[in-house]
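User: I would like to go through this model with you, taking the cysteines before the strands and helices.

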Amino acid sequence: MVVCSVVVRRLLAAAPAAPRHVFTGLRWVTSTPVKFNERKYTDKHEWVQVDGKIGTIGITHYAQDALGDVVYAQLPDPGQEFSQMDECGALESVKAASELYCPVSGKIVSKNTEVEDTPGLINKSCYEKGWLFKLELSKLHELDGLMDEAQYEKFLKTDDH
Amino acid sequence: MTFWNQGKALGRWALRAFSSATRSSRSATPKTVFISQSDDIFANLALEDWLYRHHDFSQHRILLLWRNGPAVVVGRHQNPWKETHVGALHDKQVVLARRNSGGGAVYHDQGNLNLSFLTSREGYNRRTNLTVVANALRREFGLEATVNDRDDLVLNGNYKISGTAAKLGRPNAYHHCTLLADVDLDNMKGILNSDDCGIETKATDSVRSPVCNLSSMHPGLNVASLMGAVGREFLRSDDRGVDLGKSAISRQLGFTLVNPTDDWFPGLEKSRAELASWGWRFGRTPDFTVRREFAVPREMCVTEGAKLQVQMRVVKGRVASMSVTVPPGFVSNAPEGEVAVLSGLEGQKFSEEAVGLVEAAFAKKDKSDKKKRFVAECVRRVVQ
């Protein structure tokens, strides 16, 4: 057995630090404005639908299917502020707590209390009744780096998700 | 490139081990077994969290082995007052912790081994991990364990010897589980209660199962021998849990003792402090309502079988609102006194502080007023 803090530090320092988020080659710079109510997607399988400066956020069908039955939804509270890709809550399903990441920076405006009472709504209706929270975007340009529906469908077909 | 350079600094054996590991089957990611030298539950949870947040697991897997002094560990979204008698833990020298993963409440002591399998999100597979543990038990102790549909390890089809929970993030994830080597089961049963304490909540429940110690099936088995057995099996298995043979062990990165301190893992102390804080352990409890009824002594009311009900709404671990419903004839004069005391409870932490406030307030009043003392006693029993 090796007992050495130097060994451990080198062992862990050898590998690069875990990236906060990866947009491996899927970042598209677009000059066309975001259409009203078009859903945008992240590589963490979350969607955001923007109306003016307010974005509604939820998880995709792929994500809810992978989770299984959601038994508890821990959502961020109104007033809390997050940067893009901050951990902002969790969904629990059969002993696993899956992190929720904030897809865009902003301040939470409201959370879906119906989903808190009935977490199964996320599985049944992940794009409609199963929305998770709404926030006021502080950096609208972050939407440019997210995928549109066609790009997300293509992403799902790759091995990297 | 950096890893190769660092590998040389580690020593010839490590470099050979890593290069052999990468040359061998693509499905055998390089692996290390870390053994924590601390028995502080909060430091160990902080260590697990540090590795999850900071390490790149795309080309590396870690099995972290750890144990700690007596503790009740509740799942991320659980209600500790529903899982155990919180007020009694201090006298029993048992601490309460809340972990970051889901699942139910477990009891730890020095006879329990904790295993954390840290991987990338893509590498997460808890059945594979449990299969590796079952293989270790069979190979070194001749014990037959199976994985049931709740992902619990069960001995002889009946007795649970391990509970599982997981945290899934991106890019990393971990699956951790307990192993009952030689735990004080009487203590455990006394501490993990399922009494009806009148709590209504959306918090996740625990599912109770009959348990047994591995040492009862294999005398002499203890945490130390388990660590070696499971560690070796982890190192000789590929990513799907398939055994690659004893020689595979020497091609891996071996066992390392680690110390969960800031010196070894910068920023760990801050995480430890957060995990040990009241705000995390109790303040993160999902909102709940507690409702209890108490039989009123005959001499205090006009009817037989009268009940007094205390109801509290607790938000983020503090009393948000409270009401007391008294039977007819109970309140004779000056009810305002009780109301004043009870409204002062709002905002107080559910438990110790609330009890202290009730006791202090009633100590000032007429001690001979039995009704007021009875109400105070009922409130105390709800909170504890």
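**Cysteines and the shared sheet**

Analyst: In this predicted model, the sulfur of A:C126 has its closest cysteine sulfur in A:C88 at 17 Å, which is too far for a bond.

User: How many disulfides does the structure hold over all chains?

Analyst: A disulfide requires a pair of cysteine sulfur atoms within 2.5 Å, and the 17 Å between the sulfur of A:C126 and that of A:C88 is too far for a bond. Over all chains, the number of disulfides is zero.

User: Is A:C126 buried or exposed?

Analyst: Buried means under 20% relative accessible area. The relative accessible area of A:C126 is 5%, so A:C126 is buried.

User: Which strands stand at the edges of the open sheet of nine strands?

Analyst: The sheet has mixed pairing and follows the order β4(A)-β6(A)-β7(A)-β10(B)-β11(B)-β6(B)-β2(B)-β1(B)-β13(B). A strand at the edge has a single partner strand, so one side of it is left without a neighbour in the sheet. The strands in that position are β4 (72-74) of chain A and β13 (255-258) of chain B.

User: What is the bridge partner of B:I35 in β2(B)?

Analyst: Strands β1 (residues 31-36) and β2 (residues 61-66) of chain B run parallel and are joined by five bridges. In β2(B), the partner of B:I35 is B:L65.

User: What angle does the direction of helix α3 of chain B make with that of β2(B)?

Analyst: Helix α3 (residues 41-54) of chain B packs on the sheet, touching strands of chain A, β6 (87-93) and β7 (96-101), as well as strands of chain B, including β1 and β2. The angle between the direction of this helix and that of β2(B) is about 175°.

How values were computed:
Residues are numbered from 1 along each chain as its sequence is written. Chains are lettered from A and ligands numbered from 1 in the order in which they are written. This is a predicted model: local features need pLDDT of at least 70, side-chain atom pairs count only at pLDDT 80 or more; totals for chains, interfaces and linings use all residues. Side-chain values use heavy atoms; hydrogens and water are left out. Two strands pair if DSSP finds at least two bridges between them. Helices (H or I, at least four residues) and strands (E, at least two) are DSSP runs, numbered from the N terminus. Contact means heavy atoms within 4.5 Å. Axes are lines fitted to C-alpha atoms, for helices over the stretch in contact, and angles run from 0 to 180 degrees between N-to-C directions. Buried means under 20% relative accessible area, exposed over 50%, partly exposed in between (1.4 Å probe, protein chains only).
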